[in-house]
Amino acid sequence: AAFRLLAIRHISYGVRADMTKPFGTALINAIRKAVNNQLDPQIEEAWANLWTRASSCVTRCLAVASNLIVVALVQGDTKKLAEALDCAPRIERWKWLLQVKVNGECLSPLLWAIRDGRFA
């Protein structure tokens, strides 16, 4: 649940799934720099493994949950939502609003937006 919320927050920032790998590389490099390139290989491997596990969950959520409707709902932008609904295939609109499957769990972007007070 925590990674799902993290992914939803990052959708609102405009983060895409393809950004997680370069960010992970930059993160490890920043850690190396912070310790003056004296990072123990085991600790570096532990950080890399932690990033790989965390980012894989977030990346899946970003990849699956990043259609135009989800982005508009998460950002609380009614104009973008109307435009996205116009662009969505008519038969798919309800699915885009009501269900996104991530790791076998069915989530509702519309429910997220209402719960978070994006749309009252």
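Buried here means under 20% relative accessible area. Keep that cut-off handy for the exercises below, and remember that the model is predicted.

**Exercise 1. Find the buried residues of helix α4, then see what comes after the helix.**

Start with the limits: α4 covers residues 68-75. Now apply the cut-off, and you get Ile69, Val70, Ala72, Leu73 and Val74 as buried. To see the logic of such spacing, recall that an α-helix has 3.6 residues a turn, so residues three or four places apart point the same way. Then step past the end of the helix: α4 is followed by Gly76, which has a positive phi, near 70°.

**Exercise 2. Sketch the overall layout of the protein.**

First count the elements: the protein has seven helices and two strands. Next put them in order along the sequence, which gives α-α-α-α-α-α-β-β-α. Then look at burial: of the 120 residues, 29% are buried. Last, check how far the contacts reach. Taking contacts with a separation of 6 or more, 63% are between residues 24 or more positions apart.

**Exercise 3. Describe the largest pocket and work out which helix gives the most to its lining.**

Begin with the space inside, about 190 Å³. The elements giving two or more residues to the lining are α1 (2-12), α2 (20-34) and α3 (41-64). Of the elements, α3 gives the most, with five residues. Now pick out some names: the lining includes Phe3, His10, Met19, Thr20, Phe23, Trp51 and Ser55. Finish by sorting the lining by type, which yields nine nonpolar residues, three polar and no charged.

**Exercise 4. Locate the aromatic pair and say which parts of the chain it ties together.**

There is one aromatic pair to find in the structure. Phe23 and Trp51 form this pair, with 5.4 Å from centre to centre and 55° between the planes, so the pair counts as tilted, since only planes over 60 degrees apart count as edge-to-face. Now place the partners: Phe23 is in helix α2 and Trp51 in helix α3, so the pair ties together parts 28 residues apart in sequence. How exposed are they? Phe23 has 48% relative accessibility and is therefore partly exposed. Trp51 comes out at 23%, so Trp51 is partly exposed too. Both residues also line the largest pocket.

**Exercise 5. Decide whether Thr20 is buried or exposed, and list what it touches.**

Thr20 is found in helix α2. With a relative accessible area of 11%, Thr20 is under the 20% cut-off and so is buried. Follow its side chain next: it reaches the backbone oxygen of Ala17 at 3.0 Å. Then set aside neighbours within four places in sequence, and the contacts of Thr20 are Trp51, Ser55, Thr59 and Leu62.

**Exercise 6. Work out which residue the side chain of Glu44 makes a polar contact with.**

Glu44 lies in helix α3. Its relative accessible area is 22%, so Glu44 is partly exposed. Leaving out residues up to four places away in sequence, Glu44 touches Ile28, Arg32 and Leu39. From that list, take Arg32: the side chains of Glu44 and Arg32 make a polar contact at 2.5 Å. For the backbone view, Glu44 and Arg32 are 8.1 Å apart, C-alpha to C-alpha, and twelve residues apart in sequence.

Methods
Residues numbered from 1 in each chain as written. Predicted model: local features only at pLDDT ≥ 70, side-chain atom pairs only at ≥ 80, totals over all residues. Heavy atoms only, no water. 1 Å grid on protein atoms, 1.4 Å probe; cavity = no way out; pocket = protein on both sides within 12 Å on 5 of 7 lines; lining within 4 Å. Points joined across faces, edges and corners; volume = space filled by probe spheres on them. Helix = DSSP H or I, 4+ residues; strand = E, 2+ residues; numbered from the N terminus. Nonpolar A, V, L, I, M, F, W, Y, C, P; charged D, E, K, R; others polar. Buried < 20%, exposed > 50% of the residue type's maximum accessible area, 1.4 Å probe, protein only. Contact = heavy atoms within 4.5 Å. Polar contact = N/O pair within 3.5 Å; in protein donor to acceptor, adjacent residues only side chain to side chain. Phe/Tyr/Trp six-rings, centres within 6.5 Å; stacked < 30°, edge-to-face > 60°.
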